[in-house]
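Here is a short report on one protein chain. It goes from the whole fold down to single residues.

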Amino acid sequence: MLRAFGAKIHFGAHVYSSVKIWAPWNLKMEKGSCLGPHVICYNQALVTLNENAIVSQYAYLCSAGHSANRLISASFGLIVSTITIDKNAWVGTRAYINMGVEIGEGAVVGATASVFKDVEPWTVVGGNPAKFIKRRKLKDD
Ligand SMILES: CC(C)(COP(=O)(O)OP(=O)(O)OC[C@H]1O[C@@H](n2cnc3c(N)ncnc32)[C@H](O)[C@@H]1OP(=O)(O)O)[C@@H](O)C(=O)NCCC(=O)NCCS
C-alpha cells in the first residue's frame, strides 16, 4: 500500500502496521531497515532509512515545524528538512528526531533521547537535548 502511494521500500525492509506515515512518497527504506511499532513518521520532507537502520517503538521522526522567529506570518513560518538514518544505526524507543538531522552510520540514539543535531557515526547519544555518551564498541558474539 505504501509503495502504491510512492514510498520506496526495499522488499527486505519492514514497517509495522501501527506505524503512522504522513506522506508515503517521502519515505525511502533500504534493505533490512525497520520502522517499529507505533513509530510516527511525520515526513513532510524526505525520511530515509539506509541499510539495516532500525527505529524502535514510539519514536517520532519529525521533518517539519514552524520557525520560532516567524510565528506571525500567514504560514506560521512552516519549515521542513530531511531526516536520514544511516546504515546500521539504531534509534531507541520514544526518541524524538528533529528535522534536518542525520543519524550517522552505526550510531545509537538512546531511549527517550531528543536529537536536534547530527549524530556522529558509531557513537551513542542520550538525553534532551541528546549528548554524546560513548563510542560504540562492537564485540564478536
Ligand atoms: C543507549 C543504550 C543502548 C546504552 O546501553 P549501554 O551500552 O548498556 O549503556 P549503559 O547502560 O552502560 O549506560 C552508559 C551511560 O549512559 C547513560 N544512559 C544510558 N542510556 C541512556 C539514555 N537512553 N538516555 C540518557 N542516558 C543514558 C547511563 O545512565 C550511563 O551513564 P553513567 O555513565 O553516567 O552511569 C541503552 O541505555 C538504551 O537507551 N537502549 C534503548 C532500548 C530500546 O529502545 N529498546 C527498544 C526495543 S529494542
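The text below takes the overall shape first, then selected sites.

## Overall fold

This is a predicted model. The chain has 19 strands and 0 helices. Its radius of gyration is 15 Å, and the globule rule gives 14 Å for 141 residues, so the chain is as compact as a globular protein of that length. The C-alpha trace spans about 55 × 35 × 20 Å along its principal axes.

How much of the chain is buried? Buried residues account for 43% of the 141 residues. The accessible surface comes to about 8000 Å². Carbon and sulfur atoms hold 56% of that surface.

Contacts with a separation of 6 or more were also sorted by sequence distance. Of these, 19% link residues 24 or more positions apart.

The charge count is 15 positive and 9 negative side chains. The centres of the two sets lie 8 Å apart.

## N98 and S114

N98 sits in the loop between β14 (96-97) and β15 (102-103). Is N98 buried or exposed? Its relative accessible area is 16%, which is under the 20% cut-off, so N98 counts as buried. The side chain of N98 makes a polar contact of 2.7 Å with the side chain of Y96. Beyond its neighbours within four places in sequence, N98 is in contact with C62, I83, V115 and F116.

S114 belongs to strand β17 (residues 114-115). S114 is buried as well, with a relative accessible area of 11%. Which residues does S114 contact, leaving aside neighbours within four places in sequence? They are Y96, G127, N128, P129 and A130. Y96 thus links the two sites: it has a side-chain polar contact with N98, and it is in contact with S114.

## Backbone exceptions

Most residues other than glycine have a negative phi, and most peptide bonds are trans. Three places in this chain depart from that pattern.

The peptide bond from N128 to P129 is cis, with omega near -5°. P129 is in the loop between β18 (123-126) and β19 (131-135). Both N128 and P129 are among the contacts of S114.

R94 is not a glycine, yet its phi is positive, at about 60°. R94 is found in the loop between β13 (90-91) and β14.

W122 also has a positive phi, near 55°, and is not a glycine. W122 lies in the loop between β17 and β18. Its relative accessible area is 27%, so W122 is partly exposed.

## Three partly exposed sites

H14, H38 and W90 are compared below. Each row gives the site, its relative accessible area, and a C-alpha distance to a partner elsewhere in the sequence.

| Residue | Relative accessible area | Partner | Sequence separation | C-alpha distance |
|---|---|---|---|---|
| H14 | 41% | V55 | 41 residues | 11 Å |
| H38 | 36% | A59 | 21 residues | 7.5 Å |
| W90 | 43% | P121 | 31 residues | 11 Å |

H14 is in strand β2 (residues 14-15). What does H14 touch, not counting residues up to four places away in sequence? The set is M29, S33, C34 and L35. With a relative accessible area of 41%, H14 is partly exposed.

H38 lies in a loop, between β5 (34-35) and β6 (40-42). H38 is partly exposed, at 36% relative accessible area. Not counting residues up to four places away in sequence, H38 touches S18, V19, Y58 and A59. A59 is therefore a contact of H38 as well as its partner at 7.5 Å, C-alpha to C-alpha.

W90 is in strand β13. W90 is partly exposed, with a relative accessible area of 43%. Setting aside residues up to four places away in sequence, W90 touches I54, S56, A107, V108 and V109. P121 lies 31 residues from W90 in sequence, and the C-alpha atoms of the two are 11 Å apart.

## Recap

The predicted chain has strands, 19 of them, and 0 helices. N98 is buried, and S114 is buried. H14 is partly exposed, as are H38 and W90. The N128 to P129 peptide bond is cis, while R94 has a positive phi, and so does W122.

Methods:
Residues are numbered from 1 along each chain as its sequence is written. This is a predicted model: local features need pLDDT of at least 70, side-chain atom pairs count only at pLDDT 80 or more; totals for chains, interfaces and linings use all residues. Side-chain values use heavy atoms; hydrogens and water are left out. Helices (H or I, at least four residues) and strands (E, at least two) are DSSP runs, numbered from the N terminus. The radius of gyration is taken over C-alpha atoms; the globule rule is 2.2 Å times the number of residues to the power 0.38. Buried means under 20% relative accessible area, exposed over 50%, partly exposed in between (1.4 Å probe, protein chains only). Contact means heavy atoms within 4.5 Å. Accessible areas come from the Shrake-Rupley method with a 1.4 Å probe; for residues, only the protein chains shown count as cover. Lys and Arg count as positive and Asp and Glu as negative; His and the chain ends are not counted. The place of a charge is taken as NZ of Lys, CZ of Arg, CG of Asp or CD of Glu. A polar contact is a pair of N or O atoms within 3.5 Å; within protein, one must be able to donate a hydrogen and the other to accept it, and residues adjacent in sequence count only if both atoms are side-chain atoms.
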